[in-house]
Structure formats: structure tokens, C-alpha cells
Amino acid sequence: MNIRELLQPESIFLPSSVSTREEAIQQLAEGMTAAGAVTDTADYVRAVLAREQQSSTGIGFGVAIPHGKASGVERAVLGFARFQQPIDWDSLDGDPAQMAFMIGVPEANAGNEHLQILVALSRKLIHDEFRAELLQASSKEEILDILSRNIG
């Protein structure tokens, strides 16, 4: 998995001034659209919100990983936002999200690809040092470098 193919500067929000989970999902989806990976933003947002209704994607540690598969997604894509103010994401540990990674995959090949991305992120996000680096990064390029070094 090449993180620089999945995550483009257009889909990184540093810092993001949104204040709700829904606003964050919308902003990230619009970034993915600007990056050329999503062709139907509304369809993709609906898919992500439907997934959120099943159970929260707030994994704890101040991190959320919303994700969705939709026909309006052209290729696997990743978005990242670090929030100015933490957002209540109904996380497993009860803590608000300080950052979110959003995963999008085409509906046709959704099965394996989004799980690989999810597993790679989750393995790193349990480490305090990795999360601290992401929280302290001052530029989109620094976010890309941190992720490239740690995930691939």
C-alpha cells in the first residue's frame, strides 16, 4: 500500500475548524472529490453516514476512522483531518476525536482493500508516539512524511 497514492494534499485538513462528526465527514469527502478519487460526493457521504449509524467509527485514543464504500468512489482514497477543537464522535472510550482518517473505496471492490487500509492504520494508531507526531505536524507534507515512514 502506497500512502501517497491514497492520501493527497487536497484531502488533508490541518487544522480543520469543523465542529461536528457530520461536518467532518462532509469536509473530508469534499477533499477526496477535489483529489479526483470521488465523483459523487453526496453518494459517498450517505454511505459513510450509514456506516456511522451501524456503530461509531471513533476507535478511541482521540481518533476516528470513518469509512464507506460507494459507486461514487473511483479509486481507494484516504482523507485526514486534525481538528482545532476535539469532536464528540461517540468513541468507544468516551473521549472526543482529535483527528480522523476517512477511507473511501469503490463499491465494486470494497471487501479487501478498505480492510487492508483500516488494519494498517489501526496497527500504528495504538502507539502514543505515532499519534503525537500526527498531532504536532505543522504541514500537509509533514503528515504525508509521517504516514509514509510508518505505513508505507
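**Exercise 1.** Determine whether Phe101 is buried or exposed in this predicted model, and describe its surroundings.

*Solution.* Phe101 has a relative accessible area of 0%. Buried residues are those under 20%, so Phe101 is buried. Next, locate the residue: Phe101 lies in strand S6. Then list its contacts, leaving out residues up to four places away in sequence: Phe101 touches Ala64, Ile65, Pro66, Leu78, Gly79, Phe80, Leu121, Leu125, Leu134 and Leu147. Finally, compare sequence with space for one pair: Phe101 and Leu28 are separated by 73 residues in sequence, and their C-alpha atoms are 8.7 Å apart.

**Exercise 2.** Classify the packing of helix H5 against helix H6 and characterise their contact.

*Solution.* Helix H5 spans residues 128–136 and helix H6 residues 140–150; they pack at an angle of about 160°, with axes 9 Å apart. Angles over 145 degrees count as roughly antiparallel, and H5 is therefore roughly antiparallel to H6. The crossing of the two helices is left-handed. On the H5 side, the contact involves Phe130, Glu133 and Leu134; on the H6 side, Ile143, Ile146, Leu147, Arg149 and Asn150. By class, the contact residues of H5 and H6 comprise five nonpolar, one polar and two charged.

**Exercise 3.** Compare the span of helix H3 with its expected value, and identify what its buried residues pack against.

*Solution.* Helix H3 covers residues 41–54, which is 14 residues. From first to last C-alpha, H3 reaches 20 Å, close to the 20 Å expected at 1.5 Å a residue. Its buried residues are Thr41, Asp43, Tyr44, Val45, Ala47, Val48 and Glu52. These buried residues of H3 pack against helix H2 (21–34), strand S4 (67–70) and strand S6 (97–106).

Notes:
Residues numbered from 1 in each chain as written. Predicted model: local features only at pLDDT ≥ 70, side-chain atom pairs only at ≥ 80, totals over all residues. Heavy atoms only, no water. Helix = DSSP H or I, 4+ residues; strand = E, 2+ residues; numbered from the N terminus. Expected span 1.5 Å × (residues − 1). Buried < 20%, exposed > 50% of the residue type's maximum accessible area, 1.4 Å probe, protein only. Contact = heavy atoms within 4.5 Å. Axes fitted to C-alpha atoms, helices over the stretch in contact; angles between N-to-C directions. Parallel < 35°, antiparallel > 145°, perpendicular 65-115°, else oblique. Left-handed = near helix turned anticlockwise from the far one by under 90°. Nonpolar A, V, L, I, M, F, W, Y, C, P; charged D, E, K, R; others polar.
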